Each structure stands twice: as structure tokens, then as C-alpha cells.
Amino acid sequence: MISKTENRVILSRRNFLTYSGIAIGGISISSFLPKAFGSEIISKTTNVLPAVDTIATPSLENPVRLNFNENALGMSPNAQKAAISAVNKANRYAKAEIPLLSQSLAKHHNLSPEYILLTAGSSEGIRSSIAAWSGENTQFVIPELTYGDGEQFANIFNLPITKIPSLKDWAFDIDAFKAAVDQYPGRSIVYLVNPNNPTSTIAPTAQIIEWIPSKPKDTIFIVDEAYAEFVNDPNFQSVDTLIEQGYDNIVLLKTFSKIHAMAGLRVGYVLASPNNIKNISQFVAGEKLNYCGVCAALASMEDADFLAYSKQTTDTSRQIMEQVLDELGFYYLPSQTNFIFHQIGTDLAQYQQLLQDKHIFVGRAFPPADRWSRISLGTPGEMLYTANVLRQLRSQNLI
């Protein structure tokens with residue numbers, strides 16, 4: 001399996017099951033694969049799915065990038081073909097394709113296209129949604145540890161920011177959120193990332209699903225579900241059901257960056273009531289999205305086999321990482337995303353450098369979570385390599 005000239009192991013869509021016994025550092029991919037994974041999905045998709053992994057010897061020029069929560073699998077080959085084909089038409093605006101994507105997304109959420117607003121990734125959705133409800137005497141309410149774009153844009157719009165202290169393991173304190181909203185004399189924008197980044201955990205779904213329909217006075221909820229497609233916990237529930245039921249105090253943000261592996265093409269969308277969509281649309285660039293991104297997104301939406309494949313490889317990578325963390329005694333939070341948040345026994349900068357010396361990049365610091373590290377999930381082969389490096393560092397008493 002190991003080429004003498006290239007020093008790499010290739011796990012392709014056709015030979016994934018055959019090669020799954022490959023072991024690196026004493027662990028093999030086969031021990032992590034769900035019994036149902038492989039034969040059913042791969043037999044249907046041998047001509048369309050990308051390779052699971054190419055395990056090349058990491059180097060300064062070719063590091064293992066586990067620092068930005070990207071989907072290392074790469075996007076659907078069908079989506080790649082659609083994007084490449086769209087280059088020939090990219091001198092035009094995607095006037096015909098944009099409505100098709102809106103229709104596809106609306107159908108996916110059991111709604112009509114009037115509930116959909118396409119954005120340049122979820123970041124534009126965050127910015128435009130905050131802009132739509134900003135004004136005098138408006139507070140921005142967030143947990144003390146969460147994705148930073150919301151706070152960044154709130155600062156740009158000069159909103160006072162109310163940070164809610166976390167419960168154990170950085171869990172959301174919904175009762176404290178309620179108190180902050182109830183006690184504030186003006187408008188509140190409540191921004192919740194679910195599953196949360198960087199913690200990788202889901203919010204208390206039952207409390208959220210109960211709180212939003214209670215319609216606290218002059219409050220809009222912006223819920224960012226960038227990672228929802230990775231969730232395995234049956235208790236999770238998307239808030240799109242509330243929008244479908246007609247609640248107009250909620251905005252849902254979605255992206256093609258994660259499960260669809262399209263981070264660089266910048267395609268996202270807002271899901272909200274038609275009136276809210278009209279309000280938010282005043283603050284976006286008129287849905288003038290990247291032509292290639294729109295066409296790739298359309299193709300990816302139709303590629304159910306790839307999305308299943310993307311989810312399964314992420315689950316496998318998560319299991320590999322969880323096993324080595326258990327083995328080495330690192331405490332970690334139950335991940336429902338394509339990354340894991342774990343405690344470390346040393347300074348984060350030192351931990352990052354030790355891994356970087358082995359050409360592995362992990363996440364930045366996330367104050368106030370001192371001595372915690374966020375590690376994105378790469379392909380199974382990348383996680384096997386990372387697991388082996390962690391073992392080596394422990395054997396040297398460096399971590």
C-alpha cells in the first residue's frame with residue numbers, strides 16, 4: 001500500500017473497504033467503520049465519490065490542516081464538475097440559477113422560496129441579520145464562548161454586548177439568557193450557534209424550542225446551524241420547524257461550507273418569514289453570488305450519496321480522535337460537529353507548536369477557555385496520522 005517513490009497511502013472510493021485494515025500507530029480505519037458504511041453507499045457511487053484520503057507524508061508545504069473546521073474530504077465531484085462548467089458562463093450573472101437554488105433549498109425545508117435569502121456564506125447572513133435589527137437601545141446577547149463573527153458585527157454596529165456566563169463544560173444557560181432579555185428595557189438580538197463553535201456541543205434544544213414560541217417582547221433570535229448536518233444526538237431539533245409553523249421572531253442561518261465542503265465558494269442562506277427576508281435583503285448584495293458557487297451548490301443539493309459519504313467519513317474521523325483522546329486521558333466534550341474541543345495539560349501555544357513541528361495545524365485560542373484546544377476533523381487518514389503523533393508526544397512526556 002505504501003509507494004516507495006511517493007511515500008503515501010491512497011484510500012480510494014473503490015478500495016476503501018479493502019484498504020480499511022491499514023494501521024498507523026496501532027489503529028486502523030476498519031475498527032471505526034460502522035457496519036453499514038461502505039458497501040451500500042460505495043456500491044451506488046463508485047463513479048461519483050471522491051477519494052476518502054491520500055495519506056501523504058506531511059510537510060511544511062503540505063501540512064495536516066485541522067484549524068479552520070473545513071471539510072477535508074473535498075466537495076462532491078458532481079459539484080466540482082458543475083463549478084468548472086460554470087466558469088464558461090461566469091461573465092454573466094447567475095440570474096437563472098439563483099432562483100433554482102432558492103427553490104431547491106425551500107423544498108428541502110418544506111417551505112416556499114419566499115422564505116429563502118441566498119448569501120455569500122453564513123458570514124453575510126450574520127452581518128445582514130444583525131444589521132436588519134440594529135438600532136438604538138438594542139443589545140446583542142451571546143454566550144461567553146461561541147463563534148466570533150456575531151460579536152464582531154455587533155461591535156461594528158455599536159451594539160452593547162451582553163455575554164452570558166456558561167454552565168459546566170461551556171453549556172448554554174438558557175435561564176440566564178431569558179433573564180438578560182427580560183430585564184433589558186429595549187430590543188434584544190439573541191445569537192445562538194447550535195451546535196456551538198468552538199465547543200462542538202448542542203444547545204438545550206427543548207428549552208430553546210419552548211422559549212422562542214413564547215415570543216419574549218421585542219426580541220429576535222438568530223440561530224446559526226452551520227454544523228447541524230453532522231449531529232448524531234437524537235435530541236437535536238432544527239429551528240426550521242418553528243419557521244415552518246409561522247413564527248416570525250426567528251432567523252435561521254445555514255451554509256454550504258461544512259457538510260457540502262464548499263467553504264471557499266462562499267454560499268450560504270438565510271431562512272426566515274417572508275417579511276423578515278425582505279427586511280434582511282436590504283443589507284445584502286442583491287443575491288449576486290459567485291456563479292460557480294451557485295452551480296456547485298445546486299449539484300451538491302442533489303447528491304444525497306455524497307452527503308451521506310461526507311457524514312460517514314466525519315463520523316469515522318471523530319471516532320479515531322475520540323479513541324486516542326480516551327487512551328491518553330484527555331477530557332473532551334461530546335462532539336456533534338466536524339471538530340472536537342478538548343482540554344490540554346499545557347499552554348495552548350506550546351501544544352500548537354508541538355503539533356506544528358509535526359506539520360499539524362490546530363485551532364487558535366478561544367478565551368476564556370484556557371488550556372482547551374479545538375481540533376478539526378480531517379479525513380480518516382489524517383486523523384490516524386494525528387493520533388499517532390499524539391501518542392509519540394505522550395511517549396516523550398511532552399503532552
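Reader: Axes here are lines fitted to C-alpha atoms, for helices over the stretch in contact, and angles run from 0 to 180 degrees between N-to-C directions. At what angle do the axes of H4 and H11 cross?

Author: They cross at roughly 35° and come within 10 Å. Helices are DSSP runs of H or I with at least four residues, strands are runs of E with at least two, and both are numbered from the N terminus. This is a predicted model, in which local features need pLDDT of at least 70 and side-chain atom pairs count only at pLDDT 80 or more, while totals for chains, interfaces and linings use all residues. Residues are numbered from 1 along each chain as its sequence is written, and side-chain values use heavy atoms, without hydrogens or water.

Reader: Okay. Which residues in H4 meet H11?

Author: From H4, Glu97, Ile98, Leu100, Leu101, Ser104, Leu105 and His108 touch Tyr291, Val294, Cys295, Ala297, Leu298 and Met301 of H11, where contact means heavy atoms within 4.5 Å. By class, ten of the residues are nonpolar, two polar and one charged. Nonpolar covers Ala, Val, Leu, Ile, Met, Phe, Trp, Tyr, Cys and Pro; charged is Asp, Glu, Lys and Arg; the others, Gly among them, are polar.

Reader: How far does H4 reach, first C-alpha to last?

Author: H4 runs over residues 97–108, twelve in number, and reaches 17 Å, close to the 16 Å expected. That expectation is 1.5 Å times one less than the number of residues. Just after H4 comes asparagine 110, with a positive phi near 60°.

Reader: And which H4 residues are buried?

Author: Glu97, Ile98, Leu101, Ser102, Ser104, Leu105 and Ala106. Buried is under 20% relative accessible area, exposed over 50% and partly exposed in between, using a 1.4 Å probe and protein chains only. The cover over those residues includes strand S6 (116–119), strand S12 (268–271) and helix H11 (291–301).

Reader: What about H3, how does it pack with H11?

Author: Helix H3 (residues 77–87) packs on H11 with axes 7 Å apart and an angle of about 150°. The two are therefore roughly antiparallel, a label for angles over 145 degrees, with under 35 roughly parallel, 65 to 115 roughly perpendicular and the rest oblique. Asn78, Ala79, Ala82, Ala83, Ala86 and Val87 in H3 meet Tyr291, Cys292, Cys295, Ala296, Ala299 and Ser300 in H11. That contact has ten nonpolar, two polar and no charged residues.

Reader: Switching to backbone oddities. Which prolines sit at a cis peptide bond?

Author: Most peptide bonds are trans. Here, asparagine 197 and proline 198 are joined by a cis bond with omega about 20°, and proline 198 is in the loop between strand S9 (187–193) and helix H8 (205–211). Another cis bond joins proline 367 to proline 368, with omega about 5°; proline 368 is in the loop between strands S14 (360–362) and S15 (372–376).

Reader: Is aspartate 169 buried or exposed?

Author: In between: aspartate 169 is partly exposed, because its relative accessibility is 27%. Its phi is positive, about 60°, although it isn't a glycine. Asparagine 397 also has a positive phi of about 60°, comes after helix H14 (380–395) and is exposed at 68%.

Reader: Last one: what does arginine 65 contact beyond its sequence neighbours?

Author: Past the neighbours within four places, arginine 65 touches Glu70 and Phe361. Arginine 65 is in strand S5 (residues 64–66) and is partly exposed at 47%. Its C-alpha is 9.9 Å from that of glutamine 356, 291 residues away in sequence.
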